2 protein chains.
Amino acid sequence: MNWREKLTRVTHQNNSLLCVGLDTDAKKIPPFLIESSATPLFEFNKAIIDATKDLVCAYKLNMAFYEAEGLKGMEALERTVRYIPKNIFVILDGKRNDIGNTAQKYAHALFETLHADAVTINPYLGKDGIAPFLEYKDKCSFILCRTSNPSAHDFQDLTVLTAPLYQVVAKKIREWNTNNNCGAVVGATYPEELKVVRGILGDDIPLLIPGIGKQGGDIEKTIQNGTNTDGEMAIINSSRDIIFAGKSQDFADHSRKKAEALRNDINTHRP
Amino acid sequence: MNWREKLTRVTHQNNSLLCVGLDTDAKKIPPFLIESSATPLFEFNKAIIDATKDLVCAYKLNMAFYEAEGLKGMEALERTVRYIPKNIFVILDGKRNDIGNTAQKYAHALFETLHADAVTINPYLGKDGIAPFLEYKDKCSFILCRTSNPSAHDFQDLTVLTAPLYQVVAKKIREWNTNNNCGAVVGATYPEELKVVRGILGDDIPLLIPGIGKQGGDIEKTIQNGTNTDGEMAIINSSRDIIFAGKSQDFADHSRKKAEALRNDINTHRP
C-alpha cells in the first residue's frame, strides 16, 4: 500500500492526527520494568502501543534513544516496529543524511531492513543526498524544514548572507570551538572552498576531508589548501579506492599497497 | 587522552594524514569472505586494519553501511571499533543531528556506547543540536561545512536568499516532490513559520509537527496553520507528555488518557 493511502486510512479509522513519539529513554521508563524484564524498552513500547493503538495515526521512533543503548536498543527498535499493528503509520526519526551512494544505504536500512513507512532526513547536503530516499515511491520522506528547537534560527531563519552559507557555517564552527574540540568536514572536490574554510578556521581546528579518489579530488591542492601551517590537522579520507582494491584471498595486500602509495603521495605535498 | 594529543601522536608515529574509510559495503566485499565467514563484515575490516594500521592516522566508519545490514551490521561495527589498535584515531561518520535533549542521546551512543574518538554531525539545527556533542571535551566533533557531493551547492553555496533559508528549503521540497512522497518537518513552536510552509507546500504534502507539549507549541494554532484545507496531512507528534505520564504498573493507562485527551483536543480545532 502507498504511504498516502495508509496514512489517510488510519487517520479516518482512528479519527486522529496524533502521532505518539516512542522516545523510549531507558533512564525514564518505570523502574519496575527495568527490574522485571530482560527487554524493558520493548516491553514499555508494547504496553504503550496496546494502550494507544486506536487513538493514533502514527508512531514515531526517535532512533537516538535506541542507539544510546547499543545492540540491545536496536533490537528493541526492530521488535517494536514489528509489533506495531500493520494499519498504523510508522515513522523512523533518524534525521539521516549523506552523499548519494551512502544515502542509498541509509534508505535501505530504514525502508527495507527496518520496514519504516516514513523517515526523517536532513536537507543540508542538497538533492543528491535526498534522491535515494525519494526513489522509494511508496514510502514518505519528511525533510527537516523548520525544526522546533530554539537554535533553529541559527541557520534556518537566515535571510541575509554576508558570504556563502558554508562560510557562515565555518564562522559558527570557529565561534562554537570554546572547548577546542570542533572540526569541520570539507570535500576535497572543492579545493577553493577548502582554502577559504582553512582561512576562516585557523591552524588549530582539524579538517576531515573526504572526496579524493573515486570522487575526483586533487591530492596536491587538497594538502596545500587543507593542512595548517605545520602541514597537519587535516585528515584525508579514502574509502573505496583502498578497501576494495582486491577481490581475492590477498585483497588486503592490495589495500596496503594503495594505502602506502596514497600516504606517501600525500606526504610529498606537505610543507 | 585528549583527541588532539591522540591524533597528533599517531600522525607523527605513522607519518600519515591518511584516514582509511571502512565503508564496508556487504555487496562489495570479496565473495569468498561471504561464503567462508559467519561475520564477513568484521573479518573484512580486520584484514584491512591488519594490513594498514602502520600507514594511517585514522579509520573512519560510515555508519550507513553497517546499519543497512541490521543488527549483524551494528555488531560488526562495534567489534571493528574494539579491534582497532588503541593508538589510532577512530571517527564514526554518522552525520547525526537532532534537537538538544535528543542530540545528547546520539552523543552518548557514539562517544560512550561505541567509544568513538570523533564523530561527524550536521549543523542544520544550529547550536543547541551541536552543544551536547561539544560537551565531550576530550572528543572531537567534525561539523559538516562544505560536503564533497555535487548537490552541495543546493544550499551550502547560497549567497543570496530571497526568503529565510527554511522557506528556500520548503520550495526545494515542493520541487523535489515529483514522486509525491516528500513531507516536511516543521516545529509547532513556530506557528507563523508553519503557516508559511503550508502555504508553500500546498495541500498534498504532509507535515510532521513535533514541539507541542513539553516544548510549548500551541495546539489550536498548530492545527489551523499546519493541516491542509481538509484538516488532514498533518501528523502531530507528542512524546514525553504521553509516554512518561505514569511511573507505576498502570503507566500505560495514564498514557492512554493523555493520548485520548490530546487527540480530542486536536480534533476540536480541525476544520
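In this predicted model, Leu92(A) stands opposite Val119(A), a residue of strand 4 of chain A. That pair belongs to a place where strand 3 (residues 89–96) of chain A and strand 4 (residues 118–121) of chain A run parallel and are joined by three bridges. Strands 3 and 4 of chain A are in turn part of a closed barrel of eight strands, to which both chains contribute. The points below begin with the barrels and then turn to the two copies, their contact, and the make-up of chain A.

**The barrel that begins with strand 1 of chain A**

- Eight strands close into this barrel with parallel pairing, and their order is 1(A)-2(A)-3(A)-4(A)-5(A)-6(B)-7(B)-8(B).
- From one strand to the next, the twist in this barrel averages 30 degrees.
- Helix 13 of chain B packs on the sheet, where it touches strand 1 (18–21) of chain A together with strand 8 of chain B, and the direction of this helix makes about 145 degrees with that of strand 1 of chain A.
- Where the order passes from chain A to chain B, strand 5 (residues 140–146) of chain A pairs with strand 6 (residues 182–186) of chain B in the parallel sense, over five bridges.
- Within strand 6 of chain B, Val186(B) is the bridge partner of Arg146(A).

**The barrel that begins with strand 6 of chain A**

- A closed barrel of eight strands also runs 6(A)-7(A)-8(A)-1(B)-2(B)-3(B)-4(B)-5(B), and here too the pairing is parallel.
- In this barrel the twist from one strand to the next averages 30 degrees.
- Strand 8 (residues 234–238) of chain A and strand 1 (residues 18–21) of chain B are paired in the parallel sense, over three bridges.
- Within strand 1 of chain B, Leu18(B) is the bridge partner of Ile236(A).

**How the two copies are related**

- Chain A is superposed on chain B by a rotation of 180 degrees with 0.0 Å of shift along its axis, and the RMSD of this superposition is 0.0 Å.
- The two copies are therefore related as by a two-fold rotation axis.
- The same surface serves both copies, since 99% of the contact residues of chain A recur in chain B.

**The contact between the chains**

- Chain A brings 136 residues to the contact, and chain B brings 135 residues.
- On the side of chain A that touches chain B, helix 13 (residues 251–269) of chain A gives the most, with 11 residues.
- Sorted by class, that side of chain A has 71 nonpolar, 40 polar and 25 charged residues.

**Chain A as a whole**

- Chain A holds 13 helices and eight strands, and along its principal axes its C-alpha trace spans about 65 × 55 × 40 Å.
- The domain assignment of chain A gives domain 1 (3–145) and domain 2 (153–269), and the centres of these two domains, taken over C-alpha atoms, are separated by 33 Å.
- Chain A has 271 residues, of which 59% count as buried.
- Among the contacts in chain A between residues at least 6 apart in sequence, 65% join residues that are at least 24 apart.

**One helix of chain B and its cover**

- In helix 11 (residues 219–226) of chain B, the buried residues are Thr222(B), Ile223(B), Asn225(B) and Gly226(B).
- What covers these buried residues includes helix 10 (191–201), strand 7 (207–209), strand 8 (234–238) and helix 13 (251–268) of chain B.

Key. Residues numbered from 1 in each chain as written. Chains lettered and ligands numbered in written order. Predicted model: local features only at pLDDT ≥ 70, side-chain atom pairs only at ≥ 80, totals over all residues. Pairing = 2+ DSSP bridges. Helix = DSSP H or I, 4+ residues; strand = E, 2+ residues; numbered from the N terminus. Axes fitted to C-alpha atoms, helices over the stretch in contact; angles between N-to-C directions. Buried ≥ 20, exposed ≤ 12 C-beta atoms within 10 Å, placed from the backbone. Contact = placed C-beta atoms within 7 Å. Least-squares fit on C-alpha atoms with pLDDT ≥ 70 in both. Domains from an automatic or database assignment. Nonpolar A, V, L, I, M, F, W, Y, C, P; charged D, E, K, R; others polar.
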